[in-house]
Amino acid sequence: MPFGNIGIPGLILILIIALIIFGPSKLPELGRAFGRTLSEFKSATRGLINDEDKGQADKPQDKPVSGTGTASAVEVQPTLAADGKK
């Protein structure tokens with residue numbers, strides 16, 4: 001985590017710099033916008049994880065192909081000669 005070692009003094013310094021740059025009237029608006037963005041990101045991430053879990057649950061399990069030699073699982077396509085004829 002890149003911001004794991006900031007600590008309380010670092011957070012206070014960042015808040016003071018943000019207060020100087022944006023002013024006291026814009027700071028609450030920026031905080032609300034950041035909070036909404038973060039919550040939308042979290043819900044979208046949860047949605048992707050849930051969709052992925054559903055997709056894996058709905059996917060049929062692969063059955064192994066028996067080695068009897070009566071049928072092939074792969075259809076072989078004829079190759080074209082150099083002049084374009086089969």
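## Helix H1 and its surroundings

In this predicted model, helix H1 has 16 residues, which at 1.5 Å a residue should span 22 Å; the end C-alpha atoms of H1 are 22 Å apart, so expectation and model agree. The expected span is 1.5 Å times one less than the number of residues. H1 covers residues 7-22. Glycine 23 follows H1 and has a positive phi, near 85°.

An unreviewed UniProt entry lists residues 6-23 under "transmembrane region". Over residues 6-23 the chain is 89% helix and 0% strand. The C-alpha atoms at the two ends of residues 6-23 lie 23 Å apart.

Ile8, Leu11, Ile12, Ile14, Ile16 and Ile20 make a nonpolar surface patch of about 620 Å². One of these residues, isoleucine 14, sits in helix H1. Isoleucine 14 has a relative accessible area of 48%, so it counts as partly exposed. The class fits because exposed means over 50% and buried means under 20%.

The model has one salt bridge. Which residue does glutamate 29 pair with in a salt bridge? The partner is lysine 26, and the closest N and O atoms are 3.7 Å apart. That distance can be set against the cut-off for a salt bridge, which is within 4 Å. Glutamate 29 is partly exposed, and lysine 26 is partly exposed as well.

The table lists relative accessible areas for three residues named above.

| Residue | Relative accessible area |
|---|---|
| Isoleucine 14 | 48%, partly exposed |
| Glutamate 29 | 42%, partly exposed |
| Lysine 26 | 43%, partly exposed |

Methods:
Residues numbered from 1 in each chain as written. Predicted model: local features only at pLDDT ≥ 70, side-chain atom pairs only at ≥ 80, totals over all residues. Heavy atoms only, no water. UniProt positions renumbered as here; feature names shortened; annotations may be inferred. Helix = DSSP H or I, 4+ residues; strand = E, 2+ residues; numbered from the N terminus. Patch = residues over 30% accessible without salt bridge, like charges linked within 9 Å, V, L, I, M, F, W, Y side chains within 5 Å. Areas by Shrake-Rupley, 256 points an atom, 1.4 Å probe, with all protein chains shown as cover. Salt bridge = Lys/Arg side-chain N within 4 Å of Asp/Glu carboxyl O. Buried < 20%, exposed > 50% of the residue type's maximum accessible area, 1.4 Å probe, protein only.
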